[in-house]
Every structure is written in structure tokens, then in C-alpha cells.
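Me: I've got a model open and some of the labels on it puzzle me. Can we go through what they rest on?

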Amino acid sequence: MRALRSQLRLDARTAYRGKFLHVTVGMALVFGLLIRFAVPAQIEGGGSELIQDAVGLKALNGAMTQLVSTEAELRGGLVENPDLVGVQFFGSVPTPRVRLLLQGHESEDLRGLSAATATRVWMEEGVTSRTGHVVELLGPQVPPAPLNETFLPLLYGLDTVILGFLFAGVMVLQEKAHGTVRFYRASPGSTSAYVASKVLVVTGIALVGAGVMTALVRPDALPNLRLLALLALATASLSLLGMGIAIFYDNLSRFFYPMAAAGIVLSLPMIRYGLPSAGLEWTRWIPTHGVMFGARELLLPAGRPELVTTSLGYLLAVFLTAAAAGTAIVHGRLMRRI
Amino acid sequence: MIELQNLVHTYPGADQRAVDDVSFAIDTGTVFGLLGPSGAGKSTIQNILIKLLPVQGGSVRFDGAELSSLDRDFFQDVGVSFEHPNLFPTLSGLENLGAFAGLYDATMRDAGELLTAVGLGDAKNKAAGDYSKGMKQRLVFARALMHRPRFLFLDEPTSGLDPATQETIIDLVRAERDRGATILLTTHNMRVADRLCDRIGLLHDGALVGNDTPRNLKLAHGERAVRVERRVDGTLTTETLFPDQAADRRRLSELAGSGDYETLHTAEATLADVFIKLTGRGLAA
């Protein structure tokens, strides 16, 4: 414990002198101010729709939309992704039918737009009058989420968590370059203290950044322990990954390539976040997915509290795996290799 | 006491052994100098002794305990000064000395006093990244002494230092020895080794080619000589005579008896001479 405290002091000091905190807080201020003041709370536009066509409508043939063939698939898809609006086409030309399946947080504009789109589709089949529709609410009716606030969970994933990856990698590379890791190896310090200290410092810095953004956009969410746990677990996991990868490189310019690759992969859940109909269900296995979707449910509830629990559970498993693997890699490569 | 028995080490992919069947012992409270040119195996031996490299063959014992059986607590008693300074460049000299202080059980020395002792008192609050090479070398040396280690490994501690600062470092190493520390000094500076070491091991291509006190090495492998300076027709000439040879001994008696000389010096062999004699090559890096 004493060794960890000592190493923590050292890492915190070198990270501070390396301006890690300055960069993090600076970025958080820029992002927070942009979300708070530059991005509007509402914009005109449609949502993403998941459509079940039980008729074989011409207008949907080859349309750039997500089609499913059965009602079970439709309902399953809507449960899976709470940002989707379901549209069910059935009946026939004399008696066209449309059912809108809404999550409960959609705006009136979005409902109207979906209904109008459905009418337009039936008109392609020769229906001349406006098509009536029924609405089914899948969850409790809640106010629609302000658009600008939906950027906050996105930035938790793209800024807070990815900074953890970068900072941990850079810290290891700097210590390799300066030779200080060699001196550490000839000291009583343990591998676990070395790893734990860096993870704690990097996670702490990233959380300060997340705190600044949250304070600017949603100050009421600051004391949320589950949000803190989501961010801490994801950032710590990614800092372990950054450390584990950086060990295999000798300088920052070479680390740039895995850094860029990791940045791209970790950003992929953003596509699903912004464009729910894009599918990409496999991105749920990327840790930033859990942060984005779990944090959104905490900040902007859409009736899916289990998203938070499953995200926390998954991130905990990722963290435990990353901790074991990261420590083993640091011990095997960094602490043994001359 | 540190004992090495038949130590061998080969780097992966290398055809030749970096350390080839090396055996020597360092008594408690003495300075042992490993002398040899770059690539002779000095740093490899030091790295094995501080567990940065594994013991591939032979054995190493610290106070009777096999090195491989010692856990990380072993480093509580070890101080290392690496040849290439490994410092935190954004931290000051004082902060660098305190950087790993929390890892040791021993009561630490006063960092400020230690920095003053190595001539860095005025620069103690300056970032180590702004230090000159010599200043970094002194800071690394000071850091090795912070926790009063029982075993001290010093790799070229006087490299790049001016003569006055070299003297300071030599005095500090002697003080550590007098305190009871067991010290391994690796260097190719024969002058420093000669003045500081109780025993010297001469390394050549990974093998130990000599191991004795500096005086015994010079006596055993060097030639006794006397250098005579005298004026011949107004011109100063120097004559080197070897008293072990009968003719030179007679000549020396004549000159000494006649008083026909200006200066008369014994010209003792140096460790460099000994090394050249034993290996056929010099000590230069």
C-alpha cells in the first residue's frame, strides 16, 4: 500500500507536469460549452425507423431503411434499440393499415412525420385518401431528450474513455524513453503498484474532465454514482489496454498507428448512437458502447434501466479481464525485458 | 559479501558469450572495480547482479543467499547508478531523489544535503531535464545513495565529470565503503579505478583476465622503471631504465652516484599497461 501511495504521488506529479490535466480540462471546457451553448436543444428532422412490411409495398422496395419480416423481429429490434420508431404496414389497398410503435420519448413532430411517411408509402400503392394509423406506446410517455444533452454521453465515450487509453500509453512510452522504468525495476516497487498507480491517475484525470463537462451541461447529474462507476470502469479498462499496447512500442511516433486504430474502433458505437437504424449490433462489445448507452439512460431516461445494469456488468467484466491481462503483460514485457 | 561462481551469459542470437565463466568475490565493505573496454561484459555482469538479466549459468550469492531465491525485498538493500541517466525530466533534482523514496523501508538521507554534497545544491529546484550531462550523472549517483544501501552498483559514475567533481564522487564512494557498503564499480577509467578500488577485475571479451589489488596487479604484470632527466650539452634528455635488467641497474647506479641528473622518478606501471599486457589491447572505449 505504501508503495502504491508513493507511486501514485510520482505518477500524479509527472502527469500534471506533462500537462495531461490541463489538456483534459481544456477539452472538457470546449466540449461542455459547445454542448451547452452551440448545439440546439431541438432540431427539425425525422427519427430512425424500423419497418415491418407485411404487404410487399413497392415504395419500400430497395428503400434506404431497415426492414424486418416479422412482428417479433420488429418488437425485438425496438427493445434492443430504444431510439428506433417502429412502423408496421399491414392490410391491403382497400383497407390500408399502419401501426406506429413508439418508445414514449418521441416528440409530436416525430410522430407526425412517421405518420406522414406511412401515408406517402400507401399512396404509392394507389391509396388516394390519408391513411389512418394507430399508435402503440412501448414505454411510459416521457419528454423528448434535448438534442444537445444527447451529446454528453457521446463525449463520455469519445473523450473521457479514449483519453484514458492515450494517457496511459503515453506515460509508459515516456518512462521507457527516459529510462525511469529501468530504475523502477531495480527498486522494491512491484508490478501491481506500477500498473495500479497509472490506472488510478489516468482515470482520475479523465474523470475530472468528465466532471467539468457534466457540470456545464447537466450539473444535476454530478453526484450520480452509477454514472461515475460506468466512466471509471471504462476509462480504467481502456487505460490498461493503452498501457498493454504501448509496451510493445519504443516511441510515440510508432505508437501513433495503434493509437489511431484504437481511436477508430472505440468510436464505432457512435454510429449506432447517432443512427440507430444502422444496425451494427456487434459494437455493443466495444466498451465505449456501454458508456454511451448506459450514460444516456442515466441522464436521459428512456425507460430502459436495464441498459445501465447490463453496461455496468459488462464493463466490470472487461475491467477485471483488462486488469489481469494488463498486469501480466507489464510484468512479462516491461519488468523483465532489458 | 557478493560471490560470483562460473557466471555465463549469452544474449539471444549472439554467437559469443557476453560473460564467459566469470568468478570473483566482493568482500563486505570493499570496492571492487570491473575494468575493461566497452563491450567487455561489465554492464552485463552488473545487470545480472541487479536482476535485470537472468542468471543463465553459474551462481551468484549475496551474503550466502542465491540471487534467484531473493524476492523484491532484495532491492531494499540495493542502490544502482546507471551509466545512462534515467531521470524524470519534468521533476526537479529534489523531486527526482524523492521519487521512489516511498518504496524503501530505510530512513532516507536528507535529499537537500545529498544534492549539496554532489555539488547540485544550487540546482536542486531546477527541472532535471535542464541539467547538463554531468549534472544528471551526479543526480543519478546521489539517488543511488538515498536509502543507504548495503550493496551499491555504480556504472561509470565519473563519466563526463570534470576532475574536481570526480574527486567529490571518489570521496563519497569511499565514505560509503567506510560505512560498510559493498560496492561494485564498473568503469574504463583506470585512474579512478586505481584510486578507489580495493580489488580490480580485468575483463576482456567477457572473461576475467586478472583479479587482484591494484598494487599487486601492477607489480605482477608491470615492469619497474626509473625515469632520469639530465642535461647533455645543454639539452634536456629523458632516459628510462629498468632496474630488473642488469645493464640498466648498473647505469642507474652510475648516474645516481655521479649526481649527473636533474630529476629521477620511479615510473610505475599503470593499470592500462597491465591490461595491454594481459589482453594485447587498450582500455579505451
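Reply: Sure. This is a predicted model, where local features need pLDDT of at least 70, side-chain atom pairs count only at pLDDT 80 or more, and totals for chains, interfaces and linings use all residues. Residues are numbered from 1 along each chain as its sequence is written, with chains lettered from A and ligands numbered from 1 in the order in which they are written.

Me: What makes chain B split into domain 1 and domain 2?

Reply: The domain assignment does, giving 2-219 as domain 1 and 223-268 as domain 2. Such bounds come from an automatic or database domain assignment. The C-alpha centres of these two domains of chain B lie 42 Å apart.

Me: Why is H4(B) called largely enclosed?

Reply: Buried means 20 or more other C-beta atoms within 10 Å of a residue's own (exposed is 12 or fewer, partly exposed is in between; C-beta atoms are placed from the backbone). In H4(B), 11 of the 13 residues are buried, so the rest of the structure largely encloses this helix. Among them are B:Met135, B:Phe141 and B:Leu145. The cover includes helices H2 (93-98), H3 (111-117) and H5 (163-179) of chain B, plus strands E6 (78-81) and E7 (151-155). Helices (H or I, at least four residues) and strands (E, at least two) are DSSP runs, numbered from the N terminus.

Me: How do you know that the length of H4(B) is close to what's expected?

Reply: The expected span is 1.5 Å times one less than the number of residues. With 13 residues (133-145), helix H4 of chain B should reach 18 Å, and from first C-alpha to last the model gives 19 Å. Close, then.

Me: What makes E11 and E12 of chain B a pair?

Reply: Strands pair if DSSP finds at least two bridges between them. E11 (residues 226-232) and E12 of chain B are joined by 7 bridges and run antiparallel, so they qualify under that rule. One of the bridges links B:Arg231 to B:Leu236 in E12(B).

Me: And why do E12 and E13 of chain B count as edges?

Reply: The open sheet has 3 strands in the order E12-E11-E13 (chain B), paired antiparallel. E12 (235-241) and E13 (263-266) each have a single partner strand, so one side of each lacks a neighbour in the sheet.

Me: How do you know that chain A touches chain B?

Reply: Contact means C-beta atoms, placed from the backbone, within 7 Å. By that test, 21 residues of chain A are in contact with 25 residues of chain B. H1(A) gives the most to chain A's side, with 8 residues.

Technical notes: Contact = placed C-beta atoms within 7 Å.
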